[in-house]
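Me: I would like a close look at a single part of this model, and then a walk outward from there to other features. Please keep the account connected.

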Amino acid sequence: MRPPFDPEATALRVDDGAWRWSELAERSERRAARLRRQGLQAGEVVLCPTTPVLDSMLMQQALARLGAAVLPVRDGLPPARRDLLIKTSGAEWIWASADRQLETHGQLLRTGARGGADPVEQDDDPPFVLVETSGSSARPKLAMLSATNVAASCVKVNERLAVGPGDAWLCVLPRQHVGGLAIGYRCALAGATMIVHERFDPATVHCALHEHGITHLSLVPAMLQRLLDQGHPPPPGLRVVLLGGQALDPSLARRGVGAGWPLYLGYGMTETFSQIAGAWIDEAGTVPGGLEPLDGVQVEAPRCAETRPEHEQASETAPEQAPQRAPEGRSTRDEADASPAMQTVSHRSGHRSGIPSSPLQRPNEHRYRTEQMAPLRVRGPMLMLGYANPTRSAGTGLTGGWLETGDLACQQRTSGLMILGRADDVIISGGVNILPAEVEQRLAAFEGVAEVAVVGLPDPAWGQRLVAVYTGSCDPAGIEQWARAALPSHLRPRGFVRLAELPRLASGKRDRRAIERQAAALNSASGV
């Protein structure tokens with residue numbers, strides 16, 4: 001990538017150091033020459049630690065010059081996990097950094113993964129970066145993305161978020177995952193400055209926002225909450241706070257917008273090098289028109305079918321009934337709720353979104369029925385080559401060029417997407433499909449709840465029962481009493497567990513499996 005911007009502009013800031021684009025180009029050329037002398041060839045894959053930051057950035061640029069691929073990993077990765085990544089990807093090399101003064105130190109180490117096997121056959125668009133998905137699975141899953149995929153994603157995201165020369169994007173997310181990794185490539189394509197903090201600290205972020213003229217900031221919701229708790233207003237030059245990684249509580253979104261933070265909700269995945277859709281959050285803490293896909297992204301999802309508010313109110317006042325088992329393959333809800341035909345929409349309008357000059361329309365009170373949701377399917381120029389395998393052959397995990405995601409979604413009349421939750425997170429209680437995200441949003445409206453996750457625990461009568469795991473000032477008895485009055489029976493948790501903080505993955509996402517384990521243990525201990 002050689003975009004036409006000022007080579008003497010600042011490209012990277014880390015701690016007290018700053019480097020110009022011309023300096024990075026010169027250093028990456030020297031690094032590429034050294035890697036070539038050590039035996040690296042085009043088409044091979046190198047595991048690279050993401051720290052020290054300058055070193056990892058030089059490696060990314062040097063490998064791109066050589067036509068080799070980078071597989072970013074966190075520093076100090078356990079050997080067993082490292083070996084699994086090597087086995088999964090067939091990576092030929094590990095980059096070993098000697099120390100933090102890396103102009104002359106560091107070396108490539110052969111993994112022996114391919115032994116005497118023939119070199120991987122090179123396609124016209126070979127792997128450029130391999131990224132581990134951020135799920136909690138013990139077995140790694142890596143997306144293989146080509147330079148074309150990465151460039152397509154960066155161009156479309158930069159257009160949507162108006163990133164260009166003179167802008168500054170602060171990265172506080174882990175750069176072995178796509179949310180943090182993509183920032184560097186976006187800035188390189190746009191000629192913007194990337195500022196990197198190796199860990200998130202609210203006070204340090206606040207100082208950087210003002211001192212370095214930050215225009216773009218990527219966060220997960222828990223980070224936004226910690227920034228808001230400081231009580232400082234955002235600087236006037238901050239144009240975009242990109243939120244993603246997990247569901248966003250409307251109460252937190254309202255609080256952020258009300259405090260003046262320009263919140264943009266993005267939706268994406270590792271397989272598409274992050275964002276494929278997004279929208280600005282309004283003063284009500286919602287995106288009433290749904291998430292608008294980026295230009296060139298095709299999505300396939302059923303139309304959203306709405307239920308009238310009075311129907312929901314009727315269900316809220318109905319007496320509790322004994323659990324009812326659903327017939328095989330069918331919910332106990334009305335048979336008229338059969339899913340409509342799938343809708344495929346391609347977005348190629350060329351429209352560039354910006355911060356709205358007036359508040360968006362407030363959302364209605366309609367809910368979207370679970371039975372009419374289906375896994376979202378996507379395709380587009382940023383979609384991966386496939387999941388990594390030792391021969392690095394393309395196509396694994398794709399069907400006819402489409403990726404079927406694990407997210408349930410529907411499409412509004414305006415073409416915006418509604419993401420309802422993960423298909424594998426659906427809880428079936430009494431024969432009714434329940435999306436945890438819907439219950440979580442309702443519980444988040446209670447004043448004493450700071451953050452909440454809803455899980456399903458085994459129950460001999462209902463199949464699964466809802467348990468809410470939360471942080472905040474209210475005690476379990478208080479929130480349970482509120483829930484009895486505020487929630488319909490089928491959406492009301494039967495257990496409430498308060499924690500000091502919710503378990504998280506390295507990516508910053510909630511670790512739902514760990515939350516389930518803690519909920520099961522604490523519920524059992526309390527006798528609930």
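Is Q518 buried, exposed or partly exposed, and what is its relative accessible area?

Reply: This is a predicted model, and everything below should be read with that in mind. Q518 has a relative accessible area of 32%, and because buried means under 20% and exposed over 50%, Q518 counts as partly exposed. Q518 is found in helix α12, which runs over residues 512-526. When residues up to four places away in sequence are not counted, Q518 touches L499 and P503. V469 lies 49 residues from Q518 along the chain, and the C-alpha atoms of the two are separated by 8.7 Å.

From there we can turn to the aromatic rings, where the structure holds four aromatic pairs. Y185 and F273 make up one of them, an edge-to-face pair whose centres are 5.8 Å apart and whose planes meet at 70 degrees. This pair links distant parts of the chain, since Y185 belongs to helix α5 while F273 sits in the loop between β13 (263-269) and β14 (274-280), 88 residues apart. Both Y185 and F273 are buried. Another pair is formed by F446 and W482, whose ring centres are 5.1 Å apart with the planes at 35 degrees, so this pair is tilted. F446 is in the loop between α10 (436-443) and β26 (449-459), whereas W482 is in helix α11 (residues 476-486), so the pair ties together parts that are 36 residues apart in sequence. The accessibility of its two members can also be given: F446 is buried, with a relative accessible area of 17%, whereas W482, at 25%, counts as partly exposed. Y185 and F273 also belong, with F128, to one aromatic cluster. A ring of another kind of arrangement is that of Y387, over which the charged end of K141 sits, 4.8 Å from the ring centre.

Finally, helix α1 (residues 21-37) has 17 residues and reaches 25 Å from its first C-alpha to its last, close to the expected 24 Å. Its buried residues are W21, L24, S28, R31, A32, R34 and L35, and because they cover an arc of only 165 degrees around the axis, they lie on the same side of α1. The buried residues of α1 pack against several elements, including β1 (10-14), α2 (53-66) and α5 (178-190), and α5 is the helix that holds Y185. After α1 comes G39, whose phi is positive, near 110 degrees.

Methods:
Residues numbered from 1 in each chain as written. Predicted model: local features only at pLDDT ≥ 70, side-chain atom pairs only at ≥ 80, totals over all residues. Heavy atoms only, no water. Helix = DSSP H or I, 4+ residues; strand = E, 2+ residues; numbered from the N terminus. Expected span 1.5 Å × (residues − 1). Buried < 20%, exposed > 50% of the residue type's maximum accessible area, 1.4 Å probe, protein only. Arc of directions from axis to C-beta. Contact = heavy atoms within 4.5 Å. Phe/Tyr/Trp six-rings, centres within 6.5 Å; stacked < 30°, edge-to-face > 60°. Lys NZ or Arg CZ within 6 Å of the ring centre and 35° of its normal.
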